[in-house]
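User: Hi! I'm new to reading structures, and I'd like to understand how the labels people use are justified. Could we go through a few together?

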Amino acid sequence: MHEMGVAQQMINIALASIPADIVNLKVERLNLKVGKLAAVVEDSLRFCFEIIAKDSLLDGAELAIEHIPVKVRCKVCDAIWEADGPIFSCQKCKDGAVEIISGRELEIVSIELAE
Amino acid sequence: MEIPIQKKVLEANETQAQKNRKMFKEKNIFVLNVMSSPGSGKTETLYKTLKILMPKIKAGVIVGDICTRNDADRLEASGAQVVQINTDQFGGDCHLSADMIEKAARCFDLENLDLLIVENIGNLVCPAEFDIGESAKVVVLSVTEGEDKPLKYPLMFQVADAAILNKIDLLPYLDFNAKEAVDNMLKVHPTMPIFLLSAKTQEGFEPWIEWILDSVKR
């Protein structure tokens, strides 16, 4: 639901990272990491990004998204597993505490400029 | 040419949230971020909670809605100071962000506050994603929703520090299976304390009030 805001933040961060001394540049690609638990709908993010990027150095840039699986660690027995559904309890220690170690990412990894 | 960045997209919010958290900690204020879908009974639960707490605990409320100050008017009747945030100024945002909380917190005399409750926008998705600098998050589910809500919206129930199952006075009239709802919450978050209560009749309020009082004292 907040993809427009996310797209705007992405563009702000990407533009701020471009050194001022590069002229005539074109951003070809934005590399992103998006965790499966991040509350972001990919189609909606692409749509919002395309609209906001217009008339900026990012116009036409491709969004390359690496999807990060949800990994959970049991704080009792230290087991680590990939959760492919909404159940986060440890198979062995049913009611023990768990922590999500990946799957909530929403990060810009890098931008690629056209040569 | 590739320019490495390695930054969180929501970094600006997270930085502000950390500043908020530091400020609230310095002032010794327990900040509770209350989240749920629309209509779960957050406002009524908080109104009744504040009515019980208010003589002992100095409490304030920040309440977020897209439009109207209806909830603020209801909550003010408890005696607590209430600040309403309307996100239609921000394009009808689906969540409260850390900078909105920072601005709203300036309306309170923070030296004279033990508990600040933030009633977030009714939404089980986005508020889970946005840190506002709170001390704890509470999610409210009601028996007029589905038992499987925790499985449908796992992030919300995973990040919550406690959960309320509200409107239990309606259980005799519904096919809702409270045990199944609690089991589903525990599948998503096995160690989460869950309070079964009715904001209307105040059945089950004692453990919930105790949890807040313990959290405020800590």
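User: Where is Asn28(B) found in chain B?

Analyst: Happy to help, and keep in mind that this is a predicted model. Asn28(B) sits in the loop that joins α1 (11–26) to β2 (30–36) of chain B. Its phi is near 60°, a positive value in a residue that is not glycine.

User: Why is Asn28(B) called exposed or buried?

Analyst: Count the neighbours: Asn28(B) has 11 other C-beta atoms within 10 Å. A residue is exposed if that number is 12 or fewer, so Asn28(B) is exposed.

User: And what makes Lys167(B) count as buried?

Analyst: Lys167(B) has 26 C-beta neighbours inside 10 Å. The cut-off for buried is 20 or more, therefore Lys167(B) counts as buried. Lys167(B) also has a positive phi, about 70°, although it is not a glycine. You will find Lys167(B) in the loop between β7 (162–166) and α7 (178–188) of chain B.

User: How do you know that β6(A) and strand β1 of chain B pair?

Analyst: DSSP must find at least two bridges between two strands. Here β6(A) and β1 (residues 2–8) of chain B have 5 bridges, in the antiparallel sense, so they pair. Within β1(B), Pro4(B) stands opposite Ser110(A).

User: How many residues does each chain bring to the contact?

Analyst: Chain A brings 29 residues and chain B brings 27 residues. On the side of chain A that touches chain B, β6(A) gives the most, with 8 residues. By class, that side has 19 nonpolar, 6 polar and 4 charged residues.

Notes. Residues numbered from 1 in each chain as written. Chains lettered and ligands numbered in written order. Predicted model: local features only at pLDDT ≥ 70, side-chain atom pairs only at ≥ 80, totals over all residues. Contact = placed C-beta atoms within 7 Å. Helix = DSSP H or I, 4+ residues; strand = E, 2+ residues; numbered from the N terminus. Nonpolar A, V, L, I, M, F, W, Y, C, P; charged D, E, K, R; others polar.
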